[in-house]
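Thanks for asking me to look this one over. My notes are set out as numbered points, so that you can follow them with the coordinates open.

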Amino acid sequence: MSETVATPPEIPTRPEVPAWKLVLTLGIAGALAGLLLVFVDQATREQIAENRRKAVREAVGEVLGGPAKVVSFAVGADALVREAEPNYEVDTVALNRVFAGYADEEGKQLLGFALAYQRTGFQDAIRVIFGYDPRTKKVLGVKVLEHKETPGLGDAIEKEPFLGPIRGQVVDLVPVKPGDGTGTEHEVDTITGATISSQWVVWIINEAVAKAGPRIDAWLAQAEGGR
Amino acid sequence: MSDPTRSETLFRGVWRENPVMIHMLGLCPALAVTNTVMNSIAMGMATLFVLTGSSLLVSTFKRFIPHEVRITTYILIIATFVTIVDMSLAAWTPGLHKALGAYIALIVVNCMILGRQEAYASKQSVGRALLDALGTGFGFIIALVMMGAVREILGSGSFLGVSLFGDNFEPWLVMVLPPGGFLALGFWLLGLNWWTQRRERRAAEGAA
């Protein structure tokens with residue numbers, strides 16, 4: 001019995017493309033994409049900045065418990081410099097500006113200061129704003145302005161079950177695993193499944209106070225001494 | 001087999017070959033951001049824009065894109081459109097931008113979009129690619145809204161933010177949480193498959 005062996009069909013070969021053509025194609029595509037994005041960036045930049053200023057203005061009110069008056073201070077090399085009008089343009093990397101909130105329109109009854117600072121998280125920067133009372137060193141309120149942490153895990157840092165208990169705690173804060181705490185006023189429970197992200201929020205608060213705290217204390221001593 | 005007509009090209013992605021309910025593509029955003037109808041519409045529109053723009057460019061420049069770097073080029077084109085959507089939403093609808101969060105950037109890796117470039121736009125005329133992208137994009141929006149409607153109605157007792165049942169309604173919280181996405185998708189697939197099988201059985205009985 002003879003068997004006929006089928007010859008495999010010929011696979012069509014593709015002509016080889018020189019490397020320079022591949023590089024050129026990707027180069028042109030990249031350049032065009034970059035050009036397009038520059039135009040879109042120009043068209044949206046001012047509006048995005050305005051949205052950020054609005055978000056900071058609202059967040060300052062929120063973390064200071066609804067102040068009647070807000071004064072912004074530029075953070076100088078060794079002192080706070082009061083600004084004539086509240087300016088909500090914050091650079092959260094440099095901590096260039098802090099906000100004092102007052103319970104009265106005259107600006108006599110200080111509620112505390114709002115500080116906006118950031119640190120790089122898993123994906124991108126975590127931008128946090130928090131209210132801080134320099135007299136008691138207590139946190140008055142915390143809000144996450146922006147983050148790109150893992151949805152369903154790290155994004156729990158912006159939710160009340162985590163942020164709520166930080167209110168009233170005293171800086172320096174200490175992140176502890178839930179259930180491992182001893183109940184001191186410095187401890188903050190981290191989030192199971194988002195331990196690192198929640199630790200970053202705590203460190204952001206500690207670092208911001210370490211950075212701007214001495215200047216706030218100096219300003220407070222001067223303001224209270226002058227009364 | 002004859003080529004599909006233009007209307008077939010447009011409408012097949014809407015339902016008969018729906019990317020989510022039939023092809024099971026693009027499930028990450030379909031499960032993640034469909035906790036409200038508005039989020040579903042926003043994600044659907046953003047994806048439609050990226051898909052249409054990418055298909056248009058890929059189809060236009062298909063002759064100039066060497067086979068060896070085609071996937072890289074497609075991803076570059078898709079990522080450009082996603083960045084445009086990201087910046088535009090951040091500028092003009094900051095609330096939606098915050099609600100959709102990291103999922104806007106994740107449109108880049110939505111396999112439905114890359115799939116349409118590789119399977120269709122890179123082989124067809126600009127007009128056909130555009131029709132296919134529009135049909136598939138609208139199909140994606142429909143699927144997301146189907147999921148979002150069930151989840152918002154059961155999980156929040158509202159539709160597009162309008163309360164439906166009054167104060168006595170006890171919301172099914174699980175529906176707006178991540179497991180609710182799996183439940184909604186599972187029940188939709190169950191219902192749609194049951195309906196399709198019943199229709200086929202009846203057609204077979206009618207033919208006999």
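The points below go from chain B as a whole, to its contact with chain A, and then to a strand of chain A.

1. A word on the source before anything else: this is a predicted model. Please read the values that follow as computed from that predicted model.

2. Let me start with the overall make-up of chain B. Its secondary structure comes to eight helices and two strands. Along the sequence the order is α-α-α-α-α-α-α-β-β-α, with the two strands sitting between the seventh helix and the final one. The C-alpha trace of chain B spans about 60 × 60 × 25 Å along its principal axes.

3. Next, how chain B packs. Of its 208 residues, 45% count as buried. Among contacts in chain B with a separation of 6 or more, 74% are between residues 24 or more positions apart.

4. One residue of chain B that you may like to click on is Ile75(B), which lies in helix α4 of that chain. Ile75(B) is partly exposed, because its relative accessible area is 29%, and the partly exposed class runs between 20% and 50%. Leaving aside neighbours within four places in sequence, Ile75(B) is in contact with Val108(B) and Leu114(B). Leu96(B) is 21 residues from Ile75(B) in sequence, and their C-alpha atoms are 24 Å apart in space.

5. Now to the interface. Here 21 residues of chain B are in contact with 21 residues of chain A. About 1900 Å² is buried between the two chains, and carbon and sulfur atoms give 77% of that area.

6. Which charged side chains meet in a salt bridge across this interface? The rule finds one salt bridge between chain B and chain A: it joins Glu158(A) and Lys98(B), at 3.8 Å from N to O. The count of residue pairs in polar contact between the chains is two, both at pLDDT 80 or more. On the side of chain B that touches chain A, the elements that give two or more residues are α4 (70-92) and α5 (94-100). Of these, α4(B) gives the most, with eleven residues. By class, that side of chain B has 13 nonpolar, six polar and two charged residues.

7. Over in chain A, strand β5 (residues 125-133) deserves a look. Nine of its nine residues are buried, so the strand is largely enclosed by the rest of the structure. In a regular strand the side chains alternate between the two faces of the sheet. Both faces of β5(A) are covered. On one side the buried residues are Ala125(A), Arg127(A), Ile129(A), Gly131(A) and Asp133(A); on the other they are Ile126(A), Val128(A), Phe130(A) and Tyr132(A).

8. How is β5(A) joined to strand β4 (residues 110-120) of chain A? Eight bridges link these two strands, which run antiparallel. A hairpin through four residues connects β4(A) to β5(A). As a marker for the register, Arg119(A) stands opposite Ile126(A) in β5(A).

9. A second partner of β5(A) is strand β6 (residues 138-146) of chain A, which is joined to it by seven bridges and runs antiparallel to it. Here Asp133(A) stands opposite Lys138(A) in β6(A). The two strands form a hairpin with four residues between them. In that turn, Lys137(A) has a positive phi of about 65°, which you can check in your viewer.

Technical notes
Residues numbered from 1 in each chain as written. Chains lettered and ligands numbered in written order. Predicted model: local features only at pLDDT ≥ 70, side-chain atom pairs only at ≥ 80, totals over all residues. Heavy atoms only, no water. Contact = heavy atoms within 4.5 Å. Buried area = accessible area lost by both parts, 1.4 Å probe. Salt bridge = Lys/Arg side-chain N within 4 Å of Asp/Glu carboxyl O. Polar contact = N/O pair within 3.5 Å; in protein donor to acceptor, adjacent residues only side chain to side chain. Nonpolar A, V, L, I, M, F, W, Y, C, P; charged D, E, K, R; others polar. Buried < 20%, exposed > 50% of the residue type's maximum accessible area, 1.4 Å probe, protein only. Pairing = 2+ DSSP bridges.
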